[in-house]
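Reader: I have a new structure open on my screen and would enjoy talking it through with you. Could we take it one question at a time?

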Amino acid sequence: RTTPVGIGRLQALAVTFNEMAAAIQERERRLRMVANELNHRTKNSLATVLALARQGARSGASFDAFLPAFESRVHAYARAHDLLSRNEWSRTTLHALIHEVLAPYCEGEPGRLEISGDDWDIIPDTALAVSLILGELCTNAAKYGAFSGSRGRVGIRCERRSGAGQISASPRRGVPRNAGRIVPSCRSAAIRRVCARTGMPTSDS
């Protein structure tokens with residue numbers, strides 16, 4: 001015969017088992033969501049890299065000219081991925097993204113990069129898109145501008161007006177005299193497409 005105490009224990013066990021089953025189901029649901037999100041982001045990343053490769057191929061540049069620019073853009077995109085992964089794919093800030101993407105060009109000297117102006121939170125998709133803009137700016141600065149020399153410094157100013165963001169990049173000093181004319185990178189097709197997608201205008205001086 002089951003005593004009231006025994007019945008109470010059985011009921012408590014039943015509740016515990018139900019809670020464990022619910023927790024396992026919730027964990028499985030979250031794992032499926034993470035797997036689906038990872039699959040989605042992987043496909044998007046591969047599509048972006050493929051688009052960058054096609055863009056370079058359409059430019060008609062030689063392989064020696066194409067490869068450094070392509071690597072710079074992919075590395076910028078990858079560093080944005082690293083930053084977002086550390087933040088568990090939540091929001092990051094624009095200044096943090098700029099620091100992350102441009103860090104390889106500073107050669108261990110943070111003074112080579114000056115960031116000023118407004119800072120604000122940006123969602124992952126916007127951060128990835130902006131990283132492509134920054135990669136384009138870095139490519140031009142490394143080829144023709146301040147990052148082409150060992151003493152060059154770059155200033156980036158961020159402004160937000162009426163909900164719209166703007167990034168302005170300019171050499172501070174150290175641009176080689178024989179660097180030639182620098183074509184503003186905001187005129188490139190790559191940056192125009194990204195700006196159109198994010199609603200973020202850019203300008204160089």
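**A walk through the model**

Author: Happy to! Let's begin in a loop: Glu-88 sits between helix 2 (63–86) and strand 1 (92–93). Bear in mind that this is a predicted model.

Reader: Is Glu-88 buried or exposed?

Author: The cut-off for exposed is over 50% relative accessible area. Glu-88 has 71%. Glu-88 is therefore exposed.

Reader: What is phi of Glu-88 near?

Author: Most residues other than glycine have a negative phi. Glu-88 is not a glycine, yet its phi is positive. The value is near 55°.

Reader: Which residue that is not a glycine has a positive phi of about 55° in the loop between helix 2 and strand 1, with a relative accessible area of 23%?

Author: An area of 23% makes this residue partly exposed, because that class runs between the 20% limit for buried and the 50% limit for exposed. The residue belongs to the loop between helix 2 and strand 1. Its phi is positive, about 55°. The residue is Trp-89.

Reader: Which residues does Arg-41 touch, not counting those up to four places away in sequence?

Author: Arg-41 belongs to helix 1 (residues 4–58). Its relative accessible area is 17%, so Arg-41 counts as buried. Leaving out residues up to four places away in sequence, its contacts are Trp-89, Pro-124 and Asp-125.

Reader: And what separates the C-alpha atoms of Arg-41 and His-81?

Author: Along the chain, Arg-41 and His-81 are 40 residues apart. In space, their C-alpha atoms are separated by 10.0 Å.

Reader: Which residues form a nonpolar patch on the surface?

Author: One member, Leu-13, is found in helix 1 and is partly exposed at 47% relative accessible area. Together the members have about 430 Å² of accessible area. The patch is formed by Leu-10, Leu-13, Phe-17 and Met-20.

Reader: Let's go inside. Which element gives the most to the largest nonpolar core?

Author: This core has 33 residues, and those that touch the most other members are Leu-94, Leu-97, Ile-98, Leu-102, Leu-134 and Ile-156. Two or more residues come from each of helix 2, helix 3, helix 4 (124–143), strand 4 (153–161) and strand 5 (164–173). With nine residues, the element that gives the most is helix 4.

Reader: Why is helix 3 largely enclosed by the rest of the structure?

Author: The buried residues of helix 3 are Leu-94, His-95, Leu-97, Ile-98, Glu-100, Val-101 and Leu-102. Helix 3 is largely enclosed because the buried share of its nine residues is seven.

Reader: A glutamate is on that list. Which residues does Glu-100 touch, not counting those up to four places away in sequence?

Author: Glu-100 lies in helix 3 (residues 94–102). Its relative accessible area is 12%, so Glu-100 is buried. Beyond four places in sequence, it touches Arg-79, Asp-82, Leu-83 and Arg-86.

Reader: Which residue of helix 4 has a relative accessible area of 0% and touches Leu-97?

Author: The contacts of Leu-97 beyond four places in sequence include Ala-80, Leu-83, Val-130 and Ser-131. Ser-131 has its place in helix 4, and its area of 0% means that Ser-131 is buried. Ser-131 also touches Ala-76, Tyr-77, Ala-80 and Val-101, besides Leu-97. The residue you are after is Ser-131.

Reader: How far from Cys-106 is the nearest cysteine sulfur?

Author: The whole structure has zero disulfides. For Cys-106, the nearest cysteine sulfur belongs to Cys-138, and Cys-106 is in no disulfide. A disulfide needs sulfur atoms within 2.5 Å, whereas this sulfur is away by 8.5 Å.

Reader: What is the relative accessibility of Cys-158?

Author: Cys-106, at 7%, counts as buried. Cys-158 counts as buried too, since its relative accessibility is 0%.

Reader: Let's step back to the chain. In what order do its elements run from the N terminus on?

Author: The chain has five helices and six strands. From the N terminus on, their order is α-α-β-α-β-β-α-β-β-α-β.

Reader: Among contacts between residues at least 6 apart in sequence, how many in percent join residues at least 24 apart?

Author: Of the 205 residues in the chain, 35% are buried. The chain exposes about 12,800 Å², and carbon and sulfur atoms supply 54% of that. As for contacts between residues at least 6 apart in sequence, the share joining residues at least 24 apart is 67%.

Terms used. Residues are numbered from 1 along each chain as its sequence is written. This is a predicted model: local features need pLDDT of at least 70, side-chain atom pairs count only at pLDDT 80 or more; totals for chains, interfaces and linings use all residues. Side-chain values use heavy atoms; hydrogens and water are left out. Helices (H or I, at least four residues) and strands (E, at least two) are DSSP runs, numbered from the N terminus. Buried means under 20% relative accessible area, exposed over 50%, partly exposed in between (1.4 Å probe, protein chains only). Contact means heavy atoms within 4.5 Å. Patches are made of residues with over 30% relative accessible area and no salt bridge: like charges are joined within 9 Å, nonpolar side chains (Val, Leu, Ile, Met, Phe, Trp, Tyr) within 5 Å. Accessible areas come from the Shrake-Rupley method with a 1.4 Å probe; for residues, only the protein chains shown count as cover. A salt bridge is a side-chain nitrogen of Lys or Arg within 4 Å of a carboxyl oxygen of Asp or Glu. A nonpolar core is a set of buried Ala, Val, Leu, Ile, Met, Phe, Trp, Tyr and Cys residues joined through side-chain atoms within 4.5 Å.
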